[in-house]
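Please look over the sequence and the structure shown here before reading the report.

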Amino acid sequence: MESTKQEQQRIPLARPAGTGLLERLFKLSQHGTTVRTELAAGLTTFITMAYIIFVNPNIMADAGIDHGAAFVATCLAAALGCFLMGLYANWPVGLAPGMGLNAFFTYTVVKTMNYSWEIALGAVFLSGVLFMVLTFSRIREWLLNSIPSSLRFAMGAGVGLFLGLIGLKTAGIVVPHPATLVHVGDLTSPGPLLAAICFLMIAVLEYRRVFGGILISILTVTLIGVGLGLVQFGGVFSMPPSLAPTFMAMDISGAFNVTMISVILAFLFVHMFDTAGTLMGVAQRAQLVKEDGRIENLSKAMKADSASSVVGGMLGVPPVTSYVESAAGVAAGGRTGLTAVVVGVLFIAAMFFAPLAGMIPAYATAGALIYVAMLMMGGMAHIDWNEHTETIPAIVTVIMMPLTFSVADGIAMGFVTYVAMKLFTGKRKDISVSLYALCAIFVAKFIFL
């Protein structure tokens with residue numbers, strides 16, 4: 001026995017996969033993964049969410065922001081968010097400016113409410129700071145638990161429907177009409193037709209699980225536009241444009257306005273619930289849920305997400321949030337923050353594709369908007385449709401966002417309806433203190449503002 005022990009001591013232990021710095025940083029062997037797997041997972045996640053580098057600058061440009069600066073800010077904010085998520089939380093999650101939140105930023109806060117984009121960025125910054133405060137305290141858990149799940153799902157679905165209307169309007173598929181408010185556009189003209197083709201391409205490719213279906217569709221329709229003479233070819237590579245027009249341009253003092261309360265709360269709630277849902281879903285797929293039900297480093301992941309939003313406001317983009325597309329990278333084997341770091345590096349590399357991003361026409365990104373909007377509507381399936389005190393407020397929230405062209409007003413009407421329904425149907429126990437407080441704020445907004 002003694003000789004056997006001595007023999008074992010002389011045999012060097014097998015080194016786990018991913019030794020060295022990467023092993024110490026990301027604990028690869030502990031999570032049952034390798035560097036090669038993490039690299040492949042990072043590439044997969046990036047390809048599935050890379051459409052944001054084309055879509056977000058177009059939406060920001062509609063708010064009056066310089067397209068080149070918006071492009072660089074999008075890539076840089078996404079990269080920094082991914083680095084923070086990977087190195088601090090060790091989660092395989094990619095981050096970027098939030099879809100839906102960017103449409104709310106441009107088409108509600110700037111174009112409908114007539115605030116400058118600098119003030120809108122100030123609201124983004126303040127909502128990010130509030131998110132950080134909530135994340136670093138127990139208030140976050142209290143708020144998440146006190147707001148009913150039906151309203152949480154309705155917020156995501158409502159933002160999706162709002163985003164879909166933006167896409168249809170941008171494409172010219174839906175146009176204004178003096179008698180009926182909206183009407184179908186000229187589907188034989190190039191813009192609406194190519195937008196519809198882009199949407200159908202994405203839907204078919206994603207159904208068939210084609211790698212990078214959204215990105216392939218956007219680039220294909222852009223090339224069709226080049227062939228038809230609708231798009232001017234401007235090259236593919238160049239040095240990144242200047243970030244100066246948006247860097248630290250937020251007007252925080254302008255956002256300290258009573259009329260901006262609902263805007264800041266809308267940014268906060270949609271971001272917070274979207275992040276919580278995305279992170280919990282990815283945690284299940286990435287096997288980050290422990291036997292006792294606790295999710296490994298969930299608090300760190302939420303902190304990384306909230307801090308990224310603050311940084312995004314400084315750079316000049318809407319709230320930066322965790323992307324559900326990260327599930328694609330997890331399905332490819334991503335288990336650690338190395339996946340997120342790879343995504344961040346690829347976003348940095350993407351900054352050198354500014355001419356390509358500037359060529360992408362609005363009808364190409366509109367097809368992506370419509371498709372993403374339909375995915376976001378899926379949350380309505382989780383609502384109990386047999387309980388009218390839950391479904392009616394949810395439907396009000398979803399419908400009123402696009403009809404009022406405001407995420408904030410849709411949320412406010414949904415909350416007020418929920419409290420009223422519960423109060424007058426004898427279900428007061430379902431109303432939390434926070435719901436009463438939020439309802440009072442929203443009622444005051446409608447009365448006095």
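The report below takes up the fold and its dimensions, then the surface and charges, and finally the cysteines.

## Overall fold and dimensions

This is a predicted model, and its protein chain contains 21 helices and four strands. The radius of gyration of the protein chain is 23 Å, which agrees with the value near 22 Å that a compact globule of 449 residues would have. Along the principal axes, the C-alpha atoms of the protein chain fill a box of roughly 95 × 65 × 45 Å.

Among the contacts in the protein chain with a separation of 6 or more, 80% join residues that are 24 or more positions apart.

## Burial, surface and charge

Of the 449 residues in the protein chain, 54% are buried. The protein chain exposes about 19400 Å², and carbon and sulfur atoms supply 66% of that area.

The protein chain carries 24 positive and 22 negative charges, and the mean positions of these two sets are 6 Å apart.

## Cysteines

A disulfide is a covalent bond between the sulfur atoms of two cysteines. How many disulfides does a search of the whole structure find? The search finds zero. For Cys75, which is in no disulfide, the nearest cysteine sulfur is that of Cys82, 11 Å away, and Cys82 is likewise in no disulfide, with the sulfur of Cys75 as its nearest. Because a disulfide requires a pair of cysteine sulfur atoms within 2.5 Å, the 11 Å between the sulfurs of Cys75 and Cys82 does not qualify.

As to their surroundings, Cys75 is buried, with a relative accessible area of 0%, and Cys82 also counts as buried, at 0% relative accessibility.

Conventions
Residues numbered from 1 in each chain as written. Predicted model: local features only at pLDDT ≥ 70, side-chain atom pairs only at ≥ 80, totals over all residues. Heavy atoms only, no water. Helix = DSSP H or I, 4+ residues; strand = E, 2+ residues; numbered from the N terminus. Rg over C-alpha atoms; globule rule 2.2 N^0.38 Å. Buried < 20%, exposed > 50% of the residue type's maximum accessible area, 1.4 Å probe, protein only. Contact = heavy atoms within 4.5 Å. Areas by Shrake-Rupley, 256 points an atom, 1.4 Å probe, with all protein chains shown as cover. Lys, Arg positive; Asp, Glu negative; His and termini not counted. Charge placed at Lys NZ, Arg CZ, Asp CG, Glu CD.
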